[in-house]
Amino acid sequence: MTGGKSVQERYRRLKESALLREEDLYRRPVVRVGMATCGIAAGAAPVKEAFTRFIEEKGIDARVVEVGCMGHCYAEPLAIISKPGFPALCYGYLDEDLVERLVEDFLLNDDPCYEFALVALETNDVFPTFSDFPRGVHEQKIVLEHCGFIDPGDIDQYIATGGYGALAGALAGEPAAVLERVKESHLRGRGGAGFPAGLKWEAAVRAGGSEKYVICNADEGDPGAFMDRSILESCPHQVIEGMLLCAYAVGAAQGYLYIRAEYPLAVKRVQLALEQAREKGLLGTAILGTPFNCDLEIFMGSGAFVCGESSALVRSMEGLMGIPATRPPRLAESGFRGRPTVLNNVKTFAYIPPIINRGVDWFRSIGTAENPGTAVFSLVGKVSHTGLVEVPMGTTLRELIEDVGEGVPNDKAFKAAQIGGPSGGCLPEASLDIPIDFDSLQEAGAIMGSGGLVVLDEDDCMVAIARYFLEFTQQESCGKCTFCRLGTKHMLDILTAITEGRGEPEHLEILAQLAGDVKEGSLCNLGKTAPNPILTTLRYFREEYEAHIKEKRCPALMCKDLIVYYIEPSLCSKLCSVCVGSCPTEAIYTRTDGLKAIDQDKCTKCDNCLKTCPPDYNAVIKLSPPELLAEKEGKGS
Amino acid sequence: MSKKVTITIDGREIEAHEGEKVLWVALDNSIFIPNLCALKEKEHPSGSCRLCYVQVEGRPEPVTACTLAAKEGLSVQTRSPQVDRLVKSAFELLLSNHRLGCGRCPRRKSCALLKIARERGLKMRLSRLSALELDVEIDESPETFAFDRSRCLLCGRCVWICQEVARVGALGFTNRGITRRVGTFREVSLAQSPCTECGLCVEACPSGALYFKEKSDDK
């Protein structure tokens, strides 16, 4: 291609100036504060403000920079301090006092306060790095490589890492070469179903026509999932570059990022990123001086879960109700405005620049043969180190939960891993050794989904969990098709009855039948996957259902209608009345002997007394079934 | 005109236009397949009632006939244990949200549900599900017809006809999920809506939800 040399030349100049700016920045100490939504929620804004204030007060020549999420959400607020002469060090659990100390001791003087440091970013002789921890051994970052380390609001920081180099390289060659690479990489779409991205793109190329669209699906809505949000907030340019590469490959001149309106920070950062890319000539007309034109815009979704389904998403963009349509046609043939459209998840696009840069062989050397690359999870629930993690496909669930997440906290026993969100399933201890990939998870009854992983422990009732997820899908059903609209309603009614002690023996059979029919008969994937939480809990935790139905007993002591609170007189102390004060309904009274007891008629089972009873006594216990109370009271008083 | 192809339905060889949906090929040849939401004139099938499942040779899972395009050599069975299970289940689900009492229903002689029950040997009562709560409110505001929402199956035929054939747009879908319903803009009565009482929606209704006051099956 004739323009090849000048494209590379233009990019070289962009990169050179970005590197110069970066070099200049790091000439002095730099504090990078994790300011994705997770960090801000944990209090990163006052931490950043404190760094700025103390640095100013002490008259230090240092910079405070906002970065995104590094993935270690459990330790937030987090900051990375880079000071010439020291390895870059990451500090967690920050508050104003600790910030003052770090500024005083480290920035002003030369004591890095190792006792507060979590990890060093680069290999050194004094402090361990990520790879010295079990999590670092398993983690391999492709999508999250720059997340938490660069300022998402400064395009030069992305360019300095080699960002937009894949685009420059691709523009120097033919679009077909990009498509070929993505096809050969065997990259599977990360939205949940795992459809090969290359085949989807190829279908859009074959569809012909001059007007085509590229859409990034950032309508992430699973409870407990925040991968896409974090990526857009932490490294938006990698997604934008991926979309541009796709647009070049399929011949699209316009693209959209469909971001839910509940992600205001992601919207803001992507907006800024788009503006900066346009200014640098990386977006819009004549990109990098070539004839390739492509502009990207944000479309804000209004938060309907079903709009993550491709046909519903496109309809909602067209101003129609977000309701799935029958196929064919597929979007690649007739999508947005009836034109060929490629719709991929945020993570799928984020994989493209590294694949183009480092090549197909590199990508396929990670993960497994059928599932190359990595899996990105938001690891939440009853796990010590919650956060955003990225591990090669094929890593086992056990490694992910026990090594990366450091296991279940508070000496509780692991019960299940809820994987794939409301469309996924609950896998028990016995399934923990299955490798994480699209196919193995499906076989076990769960799905990869978009990457939410909630860890559940012995205190979680599996019937209540199934009910929770079904309530979500039932509320989020668009109501178009019979199975999803009415099937989820009936399944939810049955689950509610079981958790409230109104379960009947025949309910399990009806539930299993309905779940199977809704899975097979629904129109779109919301309905087709909605029964998964029920099917997996029935498969792996049937005894819990049976206890609820036959004995009216909740083994996890979670279902309120099946438990009562009781104060064990042999453990209670006359000297303490914390529980009395904590009870909002005055249900706890002092007996004539000075010990405390609960008036069951007044008790609302709010759990306050159990939480506030001092660990020295631990006198408040839950009993299930409630009939146990008579037995206890018989001999207790 | 598109190419002619030969497909097999329940062992019968039938000539059809390539791409024509199997549901219409079957119905045109007097082979019954349960359906509620399908409209022949509608280019893109709605696929919402989930009743027209058939078994395609070589495919493990049943497929909806309204979206299945005819092509040379296609062979389908209108019945199979899997198809029957899905149809029975969808039918019972619809029934759980439909006001029964067919004896007093103005459409008892032309009801699509009754026809499906007859053809497939299904009962007009609930065997494993409980009846869902219905709000029985009948809009009798139009002069010629009435709308009984408690008998509506949400097939959407009236909505499509009102919007695309009558081009009036008085009827539309409102709300989502279990609260989805057919209604007017801002939930006004039909008389207050742009409805012209052309009656096309009533003719399209497969159940007793929309019925002419004078021409119901009683009269």
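**Entry 1: a strand pair and its sheet**

I began with strand E3 (residues 79-82) of chain A and strand E4 (residues 89-91) of chain A, and I noted that they pair in the antiparallel sense over three bridges. For one of these residues I looked up the partner, and I found that A:Ile80 is bridged to A:Cys90 in E4(A). I should write down early that this is a predicted model, and I read every entry below with that in mind.

I then asked myself in what order the strands of this open sheet of chain A stand. Five strands form the sheet, in the order E2-E1-E3-E4-E5, and the pairing is mixed. Strand E2 (63-67) and strand E5 (117-120) of chain A stand at the edges, and because each has a single partner strand, one side of each is left without a neighbour in the sheet. From one strand to the next, the twist averages 25 degrees. As a reminder to myself, strands of a sheet pair through backbone hydrogen bonds, either parallel or antiparallel.

**Entry 2: two loop residues**

Following the chain past E5, I came to A:Thr129, which lies in the loop between E5 and helix H5 (134-138) of chain A. Is A:Thr129 buried or exposed? I found a relative accessible area of 8%, and since buried means under 20%, A:Thr129 counts as buried. Leaving aside residues up to four places away in sequence, I listed its contacts as A:Val119, A:Ala120, A:Glu122, A:Thr123 and A:Asn124.

The next loop, between H5 and helix H6 (155-160) of chain A, holds A:Glu145. In contrast to the buried A:Thr129, A:Glu145 counts as partly exposed, at 28% relative accessibility. I also checked A:Glu145 against A:Gly367, and wrote down that they are 222 residues apart in sequence and 16 Å apart in space, C-alpha to C-alpha.

**Entry 3: a covered helix**

I turned to helix H13 (residues 310-317) of chain A, which is mostly covered, with seven of its eight residues buried. The buried ones are A:Ser310, A:Ser311, A:Ala312, A:Leu313, A:Val314, A:Ser316 and A:Met317. Which strands are included in what covers them? I noted strand E6 (213-218), strand E7 (254-260), strand E8 (295-301) and strand E9 (341-345) of chain A among the elements that do so. After H13(A) comes A:Gly319, whose phi is positive, near 90 degrees.

**Entry 4: a hairpin**

Strand E12 (residues 414-419) of chain A and E13(A) run antiparallel and are joined by four bridges, and in one of the pairings A:Ile419 has A:Gly425 as its bridge partner. The hairpin has five residues between the strands, and in it A:Gly420 takes a positive phi near 95 degrees. I then looked at both faces of strand E13 (residues 425-428) of chain A and found them covered, with A:Gly425 and A:Leu427 buried on one side and A:Cys426 and A:Pro428 buried on the other.

**Entry 5: across to chain B**

Last, I followed helix H20 (residues 507-521) of chain A to helix H2 (residues 81-95) of chain B, where the two axes come within 10 Å and cross at roughly 105 degrees. That angle makes H20(A) roughly perpendicular to H2(B). Sorted by class, their contact has three nonpolar, four polar and three charged residues. On the H20(A) side I listed A:Leu514, A:Gly516, A:Asp517, A:Glu520 and A:Gly521, which meet B:Gln82, B:Arg85, B:Leu86, B:Ser89 and B:Leu93 in H2(B).

Definitions and conventions
Residues are numbered from 1 along each chain as its sequence is written. Chains are lettered from A and ligands numbered from 1 in the order in which they are written. This is a predicted model: local features need pLDDT of at least 70, side-chain atom pairs count only at pLDDT 80 or more; totals for chains, interfaces and linings use all residues. Side-chain values use heavy atoms; hydrogens and water are left out. Buried means under 20% relative accessible area, exposed over 50%, partly exposed in between (1.4 Å probe, protein chains only). Contact means heavy atoms within 4.5 Å. Axes are lines fitted to C-alpha atoms, for helices over the stretch in contact, and angles run from 0 to 180 degrees between N-to-C directions. Angles under 35 degrees count as roughly parallel, over 145 as roughly antiparallel, 65 to 115 as roughly perpendicular and the rest as oblique. Ala, Val, Leu, Ile, Met, Phe, Trp, Tyr, Cys and Pro count as nonpolar, Asp, Glu, Lys and Arg as charged, and the others, Gly among them, as polar. Two strands pair if DSSP finds at least two bridges between them.
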